[in-house]
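Colleague: I have some questions about the terms used for this model. Could you set the values against the cut-offs?

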Amino acid sequence: MESKQEKWKGWWWWILVLAIAAMVVASAVLTIWNNGRHSKVYSVPDRPGKIAENYAEALKIAIQFFDIQKSGKLVNNKIAWRGDSGSEDGLEEKLDLSKGMYDAGDHMKFGFPMAFTATILSWAILEYGDHMKAVKQLSNAQASLKWITDYLINAHPSPNLLYIQVGDPDLDHKCWERPEAMTEKRPVSQVNTSFPGTEVAAETAAAMASASLVFKKINSSYSNLLLKHARELFSFADTYRGSYSVSISQVQPYYNSTGYGDELLWAASWLFHATQDESYLRYVTLQNGDTFANWGTPTWFSWDNKLAGTQVLLSRVNFFNTTEISDGENIGLQMYRKTAEAVICGLLPDSPTATSSRTDSGLIWVTEWNPLQHAVASAFLAVIYSDYMLTSNTDTLYCSGKCFKPADLRKFAISQGEYVLGNNPMHMSYVVGYGSNYPEYVHHRGASIPVDADSGCRDGFKWLDSLDPNPNIAVGALVGGPFLNETYIDDRNNTKQGEPTTYNSALLVGLLSALLATSSVVSSFA
């Protein structure tokens, strides 16, 4: 027979178990009640609703800039003043690096921002491909993406080797010539186990992983190849940690990295979406979240810093994931979503935590060089988060006690897009070819030189200094943008304001695709 003490031990054990169970149930009920209080069922169409024609026209124009930036033997060339170029890129290493895209107004192929361009373009297609399809731009976006990923595949000939640059920036910037007429040497640069480049390898892994999802249903073998490269590149980036800016010091004046932790999280997040392999989710939460995520601190999304993008991307998992994940991973995801909300709250002009980094007219403005990058990137993240809220029937975003609806996030995104398209103090569209008033002296070699000009490397600078508008229109180019006082000097030598980039265009394509119409986003990319 059990002793009285043993009986009491047994009773206390069951009391403890029941108490814990009651707490769990109460917590669940409270959570459901809270969610119910702040949510309502939205009628969000599964397919794009009414198309906003102004954004459709702007998207059609913006997406053409990728054709202008293409290197290699052009297929179905749509740009009359462009031709084949860079056909011998990579031959010294017995590689075909002829494809890819020129970075900006020069003829460099910088792998770091080019990979970011591919990742953003993939994200835009995955979230808003149905919008693009509705205005017949999806195939153009996919073709532009594949032009980059074909290059990235060839740039990764073995697991721990990645070619990250074509061209010498010092030599390149001493020439002003059409890409079709290049004569200077175009050396290639690589990162490897001895000279690591975690940022660029991880960003390229993110590009490959996200693109693998884009092509999964339309070209499965190509998708599988991209995913293979993505896995290898992530392993390389993580195993051999080191900044590419240290290994390849030549990039420092152009695309200097401020750290690689954000790229590791960004790449692992995309690999989780592409594979549903829980090890990548564990990587970004339990293993490296505390070290790299900078939870609770809003940051600006850009080619250099991927944290804000990672936080929004992982919020998607928190919003829509239906698979079993551990408590620790779930806590990590909640921290990412909480930080994403801090980012969004900082963007909303009426939020108690609204950033002061904006012009008097409300444009997000962070840096004097290429200021529109941050405005468009911020708007892109805001509209994505708005659509996550709508699709998940999440009614309210709380910003330090003040409530905001999905429509408020979209309103902010629209304000940035409208500013870019001409609703600004200059009454100027910052997208070349859109509207009747846009920059005519864009800092772009190919656009500034007549097709029949016989000038070469050095004597081509006469076209840089010409007082005539560019003879070739760089259709779709998003220029750097206005100064803080909201003025713009349309001068070809004004690189701060007048030089377009491919990654700016990718962000713009994403934003315009989102604003085309209102519809639910898919719950899973897979």
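Modeller: A polar contact is a pair of N or O atoms within 3.5 Å, one able to donate a hydrogen and the other to accept it. The model is a predicted one.

Colleague: What makes the approach of the Arg358 side chain to the backbone oxygen of Gly346 a polar contact?

Modeller: The side chain of Arg358 reaches that oxygen at 3.3 Å, and the limit is 3.5 Å, so the pair counts as a polar contact. Gly346 is also among the residues in contact with Arg358, including Leu347, Trp365 and Phe412. Arg358 itself sits in the loop between α15 (327-347) and α16 (372-391).

Colleague: How do you know that Arg358 has no salt bridge?

Modeller: The nearest side chain of opposite charge, Asp350, is 8.4 Å away. A salt bridge needs a distance within 4 Å, so Arg358 has none, although Arg358 is buried.

Colleague: Why is Gly242 called buried?

Modeller: Its relative accessible area is 12%. Buried means under 20%, so Gly242 qualifies. Gly242 lies in the loop between α8 (220-239) and α9 (244-247), and touches Pro196, Gly197, Thr198, Glu199 and Tyr260, leaving out residues up to four places away in sequence.

Colleague: Why are β1 and β2 said to pair?

Modeller: Two bridges join β1 to β2 (residues 162-166). Pairing takes at least two bridges, so these strands pair; they run antiparallel. Phe110 stands opposite Gln165 in β2.

Colleague: What makes β1 (109-110) and β3 (188-191) edge strands?

Modeller: The open sheet has the order β1-β2-β3. Each of β1 and β3 pairs on one side only.

Definitions and conventions:
Residues numbered from 1 in each chain as written. Predicted model: local features only at pLDDT ≥ 70, side-chain atom pairs only at ≥ 80, totals over all residues. Heavy atoms only, no water. Helix = DSSP H or I, 4+ residues; strand = E, 2+ residues; numbered from the N terminus. Buried < 20%, exposed > 50% of the residue type's maximum accessible area, 1.4 Å probe, protein only. Lys, Arg positive; Asp, Glu negative; His and termini not counted. Contact = heavy atoms within 4.5 Å.
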